[in-house]
Each structure stands twice: as C-alpha cells, then as structure tokens.
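Me: Could you take a close look at one part of this structure for me? I would enjoy a connected walk through it rather than a list.

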Amino acid sequence: MVMNNRDTIIVHPSATAPTGIVSVPGDKSVSHRAAMLAALAPGTSIIGNFLVSEDCLNTLRAVETLGASVVRDGVHVKIVGLDGRFRATARELDMGNSGTGLRLLAGLLAGHPFVTTLTGDASLRSRPMRRIGEPLTQMKCDVDLLGENGCAPMRVGGGHLQGIWYRLPMASAQVKSCVLLAGLFAEGRTTVIEPLPTRDHTEIVLRRMGVPVDIKGSHISVEGTAGEPLKLKSVQGIVPGDFSSAAFWITAAACRPGAELTVRNVGLNPRRTALLDVLKRMGADIEAKPDPADAHGADGPWECTGQIVVRGRALAGTETGGAEIPNLIDELPLIGVAGALAEGPTVIRDAAELRVKESDRIATLAQGLSAFGVSVEEHPDGLTVHGGAAIRCGGAVNSHGDHRIAMAMAMLALFADGPARIDGVACTATSYPGFWDTLGELGGVAEQR
Ligand code: S3P
C-alpha cells in the first residue's frame with residue numbers, strides 16, 4: 001500500500017496475521033550513529049541497509065548542512081566525511097521527531113569552536129533536554145535551552161570541554177551517548193556510569209571506527225582530543241534489521257495460536273532483545289538463531305544479527321521491571337498489547353521514562369488499550385493490564401502522533417471483534433516506512449481513509 005498523506009487507517013481483524021517470512025528495515029539507533037560518525041571520518045564510508053525513515057533522513061540532512069557529502073541510493077548511503085570536525089553553519093538543524101538525532105548530535109557539536117542551534121517538531125520540542133544540558137554544562141560547554149521548561153531549541157558549542165565523571169541520573173542510552181560523544185573532544189578522560197545497562201550501539205560503532213572505549217562494568221570511558229579534530233577510521237558496514245520494528249510482528253505472532261513467523265536479518269544485540277525474554281516468560285514459543293560469527297567481517301553487519309522464529313500460542317500475564325526495562329524500552333507498548341491478549345494481569349514497573357518519549361507512552365498506551373475495551377490501571381511508572389477479555393473495536397484509537405503507539409495499536413486491532421480505526425498513523429514514517437505494506441504481506445488488511 002502506498003501511503004498518501006491521510007492520517008487515518010482502518011485495520012481489519014484477521015484469523016492468521018501476522019504469518020509468513022519478513023525482513024525489517026535497518027536499525028534506527030545504529031543508522032543515526034553510523035551517519036553522524038561517518039560524517040566525521042576521513043574519506044568515504046559506505047553504510048548498507050540504512051534506515052530510510054524521516055528520523056534518519058533528518059540526520060543525513062543535518063550532517064550535510066555541517067559539511068559532509070552524502071549520496072544515497074535507496075538504503076545504500078555513501079558519506080564523504082570531514083576528517084574530524086564539522087563545519088560551522090548558521091542554519092538551525094531540524095532533527096524532526098528524533099530524540100536520538102538531537103541528543104547525540106548535540107554531544108558531537110558541544111566540543112566544536114562554534115555555536116549550533118538544534119531543534120525539532122512539536123513533540124521533540126516538548127521533551128526534556130536538561131538531561132543533556134546539565135552534563136554538557138559541567139563539561140564547560142555553553143548550552144542555551146531556548147524552549148520552555150528546559151526544552152529545545154537548543155544552542156550548543158563554543159567551549160573548550162573538560163572531561164567529566166558523570167553518573168547518569170536515569171538509564172538513558174541517549175544521554176550516555178551524548179556525554180561520551182562530547183567527551184571525544186574534551187580535555188582528558190570522560191567516564192559515564194550507568195545505573196543499569198542501556199543499548200551500547202555508540203560504544204560498538206566507536207570501536208569499529210578505531211576509537212578506544214574502555215568499558216569496566218557500568219563505567220564507560222573515552223579519552224578526548226582537547227578540541228583537536230577526531231581521529232576516526234572510515235568504515236563499510238551493514239546496519240542490522242531493527243529489532244524494534246521486528247517486535248511488532250513478533251509480539252502479534254506470539255499471541256496468535258497457529259501463527260508462524262520468521263524474521264530474517266534482524267539485530268540480536270542483547271541490549272535490545274529483552275522483549276523476547278518477557279514473551280517467553282508469558283509462555284511464547286520463540287527461537288532466536290544468531291548468524292555464525294564469520295558473517296561479521298569488516299564489511300558485514302555492524303552487530304550480531306540472526307533469525308527469529310515464532311510459533312503462536314495462548315499466553316499468560318507476567319511482570320516486568322528493573323534491569324529489563326532499558327533493554328525493551330521501545331517495546332513496552334507491545335508488552336501492553338501482549339498483556340491485553342494474555343490470560344490474567346500483566347504489570348509494567350520502573351518505566352517512568354516512558355512518560356518522556358515521543359508521547360507520554362504510559363498515558364497514550366492506557367488510552368489506546370481502553371479504546372479496545374481492555375481494563376488498564378495507570379501507575380506513575382508503568383501500568384497494569386488485565387488481559388484475557390474480548391478486544392472490542394469501539395471508538396477511534398489515537399496515536400497522539402507517536403509512531404510506536406500507532407503500530408502497537410495496529411497489532412491489537414488484528415485481534416479485535418471488527419474493523420478498528422486508528423487516527424494519527426502518518427507518524428509511522430519516522431521509524432518504519434514500509435510498515436503498512438508489510439502488514440499486508442503478513443496477511444493483514446488495512447485501508448487508508
Ligand atoms: C535510543 C535510546 C532510547 C530509545 C530511543 C533510541 C538510542 O532512548 O527509547 O528510541 O538510539 O540511543 P533513551 O536512551 O533516552 O531511553
């Protein structure tokens with residue numbers, strides 16, 4: 001289905017979907033990091049299976065504005081980098097909907113001898129930026145948060161950065177990455193201490209580009225150049241399929257007795273796949289088969305990839321919280337969906353970070369589930385979903401412009417007692433442009449209105 005710019009979709013219930021074999025587009029987190037760092041490398045880097053979504057295209061545009069040359073042919077991206085330092089621009093960099101785009105690029109720009117302004121759409125301009133403003137200020141960067149309540153637009157740069165020792169107040173890979181990337185340009189060593197392990201794509205990409213990253217348990221350190229240009233190596237590599245995109249199909253298939261699904265070429269970084277552990281605890285039949293290690297040559301996938309095979313069956317509710325949360329942070333709406341379809345209560349705890357995502361995902365998920373007649377209790381840091389009742393297609397469901405809520409609700413709609421209307425679906429293009437086509441390929445029926 002070619003998406004026009006209409007923003008509403010009707011999803012029909014299905015007795016079998018999602019069933020079949022699927023490949024998902026490239027990982028969003030890896031695509032952002034690869035593009036930004038290739039733009040600072042010397043010479044030409046080649047990135048295969050780049051995620052051609054609105055968020056990552058904004059990052060490509062931003063690094064072009066900062067002086068890198070970008071040639072894209074479909075998912076194949078060639079970047080001629082700037083050998084260690086961006087060029088100043090008076091233009092505002094619009095990172096669209098992407099917290100990763102803004103927070104990581106702010107880290108890289110913090111140590112440059114000029115000031116850059118970063119901004120984004122209304123959702124991004126409502127998300128907290130003091131969480132990066134504070135450590136960058138401690139590093140002696142000039143930071144101005146021009147929006148209300150410490151939000152973007154944000155001006156960064158101009159200072160001679162000092163390395164810091166920074167204990168993250170929250171488990172956030174974006175904040176960790178921002179501080180480490182700023183640390184690359186600082187004087188001395190920068191150490192970030194994580195309260196819980198979060199996704200480690202920045203560390204992996206940096207090492208692959210020849211930057212030493214010292215990891216000792218929860219302490220991650222880099223040495224800075226004291227304002228001199230970075231010394232990186234150009235790279236060739238393939239972005240793994242995005243586990244967070246595969247997660248929609250995996251969850252729905254796991255909950256559908258009789259469904260059989262194979263996902264190919266998907267990233268299996270263990271800091272991303274905790275959803276599989278939770279679904280298995282609920283009784284799901286899921287097997288992840290990593291590709292052999294020799295698939296990972298110098299120009300192979302950036303990280304561990306493999307296949308995931310799912311055979312659907314009836315599930316039971318569970319609880320998730322603690323250290324699991326950062327490793328399934330983007331999949332929590334899907335735990336809500338699985339919880340609604342499983343027998344008994346499912347409880348999500350320790351997930352207050354969901355309140356500052358593309359929407360307040362605790363509130364928007366609770367609203368979405370309730371629109372399907374699911375009984376939900378909202379907590380400050382999560383929710384309880386009482387599963388096992390019929391899924392009803394009552395009033396329209398609203399994504400509140402949040403791509404992951406729109407797609408999670410489409411999965412629940414496959415199980416409803418009639419066609420369900422979802423408003424606010426154009427946003428799926430920020431992370432998963434082919435989502436509605438793939439839904440059709442896996443046996444679902446959705447019509448745009
Ligand atoms: C991301 C980290 C996560 C995640 C986001 C992408 C990243 O955010 O929710 O979609 O690429 O580093 P936080 O680290 O702020 O939780």
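Reply: Happy to: here is a look at one helix and its surroundings, followed by two other spots for context. Please keep in mind that this is a predicted model.

Let's start with helix H10, which spans residues 361–371. Eight of its eleven residues are buried, which leaves the helix mostly covered. The buried set begins with a run of Arg361, Ile362, Ala363, Thr364, Leu365 and Ala366, and is completed by Gly368 and Leu369. Several elements contribute to the cover over these residues, including helix H9 (332–341) and helix H11 (403–413). Strands take part too, among them E20 (375–379), E21 (382–387) and E22 (397–398). After H10 comes glycine 373, with a positive phi near 80°.

Helix H1 (residues 28–38) makes a nice companion: eleven of its eleven residues are buried, so the rest of the structure largely encloses it. Among those buried residues are Lys28, His32 and Arg33, alongside Val30, Met36 and Leu37. At its N-terminal end, H1 is capped by aspartate 27, which places a side-chain oxygen 2.9 Å from the backbone nitrogen of serine 29.

Finally, have a look at arginine 421, in strand E23 (residues 420–423). Arginine 421 has a relative accessible area of 42%, so it counts as partly exposed. Its side chain makes a polar contact with the side chain of aspartate 423, at 2.9 Å. Beyond its neighbours within four places in sequence, arginine 421 is in contact with Thr8, Ile9, Ile10, Ala396 and Val397.

How values were computed: Residues numbered from 1 in each chain as written. Predicted model: local features only at pLDDT ≥ 70, side-chain atom pairs only at ≥ 80, totals over all residues. Heavy atoms only, no water. Helix = DSSP H or I, 4+ residues; strand = E, 2+ residues; numbered from the N terminus. Buried < 20%, exposed > 50% of the residue type's maximum accessible area, 1.4 Å probe, protein only. Contact = heavy atoms within 4.5 Å. Polar contact = N/O pair within 3.5 Å; in protein donor to acceptor, adjacent residues only side chain to side chain.
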